[in-house]
Amino acid sequence: MIIENIQKKLWVLAPNELEVRDVSSQHAGHAGYKPGQITHVVVRMVCHCLCKQDTRANHHLIYQLLADEIKQLHSIQLILQKPADC
C-alpha cells in the first residue's frame with residue numbers, strides 16, 4: 001500500500017519516468033528492518049518540475065509531498081533527475 005501511495009502522490013507532478021521500489025529485503029539484519037514490512041524504499045524520478053529549483057529544494061518538495069509515507073519508513077532514497085531538455 002505504501003508503494004502505491006508514493007506512486008499516486010508523485011504522479012501529480014507528471015514525471016517523465018517514475019520508479020518506486022521496495023528494497024527492504026536488502027537490509028535484513030540492519031537497523032530499521034522489520035520482516036514482512038516495507039521499511040526501505042528507493043524512488044527514481046525524472047521530471048520537468050525539477051528544472052525549476054536546485055537539488056536541495058527538489059528533495060524538500062518530495063519530502064513534503066511524501067511526509068505521511070516517510071513517517072512509516074526507516075529509509076527512503078531519492079534519485080531525482082532533470083530531463084535532458086531542461
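Here are some notes on this predicted model, starting with the sheet and moving on to the helices, the core and the charged pairs.

1. **The sheet.** What we have is an open sheet of three strands, in the order β1-β2-β3, and its pairing is mixed. The edges are β1 (17-22) and β3 (75-81), each of which pairs on one side only. Going from one strand to the next, the twist averages 10°.

2. **How the strands pair.** Strands of a sheet pair through backbone hydrogen bonds, and they can do that parallel or antiparallel. β1 and β2 (residues 40-46) run antiparallel and are joined by six bridges. β2 and β3 run parallel, with seven bridges between them. If you want to check the register by eye, Asp22 has Val41 as its bridge partner in β2, and Arg21 stands opposite Val42 in β2. On the β3 side, look for Gln77 opposite Val42. Val42 is therefore a handy residue to click on, as it stands opposite Arg21 and also opposite Gln77.

3. **Helices on the sheet.** Helix α1 (residues 2-11) packs on the sheet and touches β1 and β2. Its direction makes about 160° with that of β1. Helix α2 (residues 55-65) lies across β2 and β3, and runs at about 130° to β3.

4. **How covered is β2?** Mostly: six of the seven residues in β2 are buried. One residue to note here is Arg44, which lies in strand β2 and is partly exposed, with a relative accessible area of 23%. The cut-off for buried is under 20%, so Arg44 at 23% misses it.

5. **The nonpolar core.** The largest nonpolar core has 17 residues, and those with the most contacts inside it are Ile6, Leu10, Val20, Val41, Val43 and Met45. At least two core residues come from each of α1, β1, β2 and β3. The biggest contributor is α1, with four residues. For a closer view, try Ile6: leaving aside residues up to four places away in sequence, Ile6 touches Val20, Val41, Val43, Leu66 and Glu69.

6. **Lys9 and Glu69.** Side chains of opposite charge can pair when their charged atoms come close. The model has four salt bridges by count, and one of them is between the side chains of Lys9 and Glu69, at 3.0 Å from N to O. Lys9 sits in helix α1 and Glu69 in helix α3 (residues 67-70), so this pair ties together parts that are 60 residues apart in sequence. Their surroundings are worth a look too. Lys9 is partly exposed, with a relative accessible area of 26%, whereas Glu69 is buried at 4%. Glu69 is also among the residues that Ile6 touches.

7. **The Arg44 cluster.** Which residues are linked with Arg44 in a network of salt bridges? They are Glu17, Glu19 and Arg21. The side chains of Arg44 and Glu17 meet at 2.7 Å, N to O. That pair links distant parts of the chain, with Arg44 in strand β2 and Glu17 in strand β1, 27 residues apart. Glu19 also forms a salt bridge with Arg44, and here the closest N and O atoms are 3.5 Å apart. Glu19 lies in strand β1 and Arg44 in strand β2, so this pair ties together parts 25 residues apart in sequence. Both glutamates are partly exposed: Glu17 has a relative accessible area of 39%, and Glu19 has 31%.

8. **Thr39, in a loop.** Is Thr39 buried or exposed? It is buried, with a relative accessible area of 3%, and its place is in the loop between β1 and β2. The side chain of Thr39 makes a polar contact with the side chain of His40, at 2.7 Å. Setting aside residues up to four places away in sequence, Thr39 touches Ser24, Gly32, Tyr33, Lys34, Leu73, His74 and Ser75.

Technical notes:
Residues are numbered from 1 along each chain as its sequence is written. This is a predicted model: local features need pLDDT of at least 70, side-chain atom pairs count only at pLDDT 80 or more; totals for chains, interfaces and linings use all residues. Side-chain values use heavy atoms; hydrogens and water are left out. Two strands pair if DSSP finds at least two bridges between them. Axes are lines fitted to C-alpha atoms, for helices over the stretch in contact, and angles run from 0 to 180 degrees between N-to-C directions. Contact means heavy atoms within 4.5 Å. Buried means under 20% relative accessible area, exposed over 50%, partly exposed in between (1.4 Å probe, protein chains only). A polar contact is a pair of N or O atoms within 3.5 Å; within protein, one must be able to donate a hydrogen and the other to accept it, and residues adjacent in sequence count only if both atoms are side-chain atoms. A nonpolar core is a set of buried Ala, Val, Leu, Ile, Met, Phe, Trp, Tyr and Cys residues joined through side-chain atoms within 4.5 Å.
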